[in-house]
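Here is a friendly walk through a structure that may be new to you. Take a look at the sequence and the model first, and then read on.

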Amino acid sequence: MLKNVFDYFLTSDDIDRLVFYYEGPISQQVVVSMGNLLKEQLQMTDKSQTKARRLFSAYVEIMQNIAHYAANNHKGAIMVCGQNDKYFVLSANQINKPNETAIRHYLEQVSNMSLEDIKQAYRELLRHELPDTDGSKGAGLGFYTLALQSSEPIHYAFAPDPENEQQLYFYLKVTF
Amino acid sequence: MSDLYLPAAFDTPEIRLNAAEKTLNISGESYPENGHSSFAPVLKHLETELANSSADRFVVNFRLTYFNSLSAKILYKLMQLLDNHAAQYPDSIAVNWYCDAEDDMMLDFAEGLKADFAHIRLDIDTESPPNSA
């Protein structure tokens, strides 16, 4: 069902390698074990440390967002793939409709900012957005982290969930 | 005075507080899901040790290769604690931030801390970078 993460932003012509694809419930255990796999894969391919670091960081932020906020038992899909010297991290998950506004707010903000502005905003959030104790993790800093690392604007989309009108599909694509 | 030692896990760093030496070492990767429960005891312990050490020199060494956004907030909070102490006892806190010269995000982060926490002497060391996991 979530598999259209593949064709929402990309066709198979757009990629020449698949690093991995995962679909299912996302817990911290999954983040860690898939993360170790990703690190191994990145070490095997001849790629700059900087790119590998950014990719891993984006992977963690996206996965932990899904682990925290996704509807349907924190189920989601994530794909890391590439073409030529580019890498893409794509994700899909269902969210509860009321969360759309906050996600849109952050993503629209970062897409209209220069890198320097994003850095400033990141530091501002560090100063003021303190860690919560109630289980919410403050997604703002996570989106700024993605924006700082992505080499192109972040692509995102929301689509209706035909099976549940209280929910939406949320798609994300980050490029390195 | 008491020591604190937390071994590294895949998603949490090694944390070693030596009360006699007055050092705190944090090394490795940090991307726990719930930063508060992972780090609250550490912050609490550090607070007590700082209170005990008053004007004595206390050295903190960071050898982090990666941290998630949640950990960034915890690190900021930890620095705030150190800075408050150093405001009360000038020159009591020295922080050494070891990182790879090519890790621009990490460098930016450390530079930001240096700018925000003026009471702390923070040295960024790219000569002996930490080993990445």
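The second largest cavity in this predicted model has a volume of about 60 Å³. A cavity here is a set of points on a 1 Å grid over the protein atoms alone where a 1.4 Å probe fits but cannot get out, and its lining residues have an atom within 4 Å of a point. Grid points are joined across faces, edges and corners, and the volume is the space filled by probe spheres set on the points. Counting cavities of 30 Å³ or more, the structure holds three.

Which residues line the second largest cavity? They are B:Pro13, B:Ile26, B:Ser30, B:Phe39, B:Ser71, B:Ile74, B:Leu75 and B:Leu78. Helix H2(B) gives the most to this lining, with four residues. Strand S3 (23–30) and helix H2 (69–88) of chain B each supply at least two. Helices (H or I, at least four residues) and strands (E, at least two) are DSSP runs, numbered from the N terminus. Sorted by class, the lining comes out as six nonpolar, two polar and no charged residues. For that sorting, Ala, Val, Leu, Ile, Met, Phe, Trp, Tyr, Cys and Pro count as nonpolar, Asp, Glu, Lys and Arg as charged, and the others, Gly among them, as polar.

A quick word on the ground rules. Residues are numbered from 1 along each chain as its sequence is written, while chains are lettered from A and ligands numbered from 1 in the order in which they are written. Because this is a predicted model, local features need pLDDT of at least 70 and side-chain atom pairs count only at pLDDT 80 or more, whereas totals for chains, interfaces and linings use all residues; side-chain values use heavy atoms, with hydrogens and water left out.

Now for the charged pairs. Side chains of opposite charge can pair when their charged atoms come close. With a salt bridge taken as a side-chain nitrogen of Lys or Arg within 4 Å of a carboxyl oxygen of Asp or Glu, a search of the whole structure finds 13 over all chains. Four of these are listed here, including pairs within a chain and between chains.

| Salt bridge | Closest N to O |
|---|---|
| A:Glu100 and A:Arg104 | 2.8 Å |
| A:Arg123 and B:Asp116 | 2.7 Å |
| A:Arg127 and B:Asp116 | 2.8 Å |
| A:Lys39 and B:Glu29 | 2.7 Å |

Take A:Glu100 and A:Arg104: both lie in helix H5 (residues 100–111) of chain A, four residues apart, about one turn of the helix. A:Arg104 is partly exposed, with a relative accessible area of 30%. In these terms, buried means under 20% relative accessible area, exposed over 50%, and partly exposed in between (1.4 Å probe, protein chains only).

B:Asp116 turns up twice in the table. A:Arg123 and B:Asp116 meet in a salt bridge; A:Arg123 lies in helix H6 (residues 115–128) of chain A and B:Asp116 in helix H3 (residues 104–116) of chain B, so the pair joins two chains. B:Asp116 is partly exposed, at 23% relative accessible area. A:Arg127 also forms a salt bridge with B:Asp116, and since A:Arg127 lies in helix H6 of chain A and B:Asp116 in helix H3 of chain B, this pair joins two chains as well. A:Arg127 counts as partly exposed, at 25% relative accessibility. Salt bridges that share partners join A:Arg123, A:Glu124, A:Arg127 and B:Asp116 into one network.

How many residues meet where the two chains touch? The count is 33 residues of chain A in contact with 27 residues of chain B, contact meaning heavy atoms within 4.5 Å. Between them, the chains bury about 2700 Å², 53% of it on carbon and sulfur atoms. That buried area is the accessible area (1.4 Å probe) that two parts lose on being put together, summed over both. Six salt bridges are found across the interface of chain A and chain B.

Chain A itself has seven helices and five strands. Of its 176 residues, 53% count as buried.

One residue to look up is A:Tyr22, in strand S1 (residues 17–25) of chain A. Is A:Tyr22 buried or exposed? At 18% relative accessibility, A:Tyr22 counts as buried. Leaving out residues up to four places away in sequence, A:Tyr22 touches A:Val30, A:Met34, A:Gly76, A:Ala77 and A:Ile78.

Methods: 1 Å grid on protein atoms, 1.4 Å probe; cavity = no way out; pocket = protein on both sides within 12 Å on 5 of 7 lines; lining within 4 Å.
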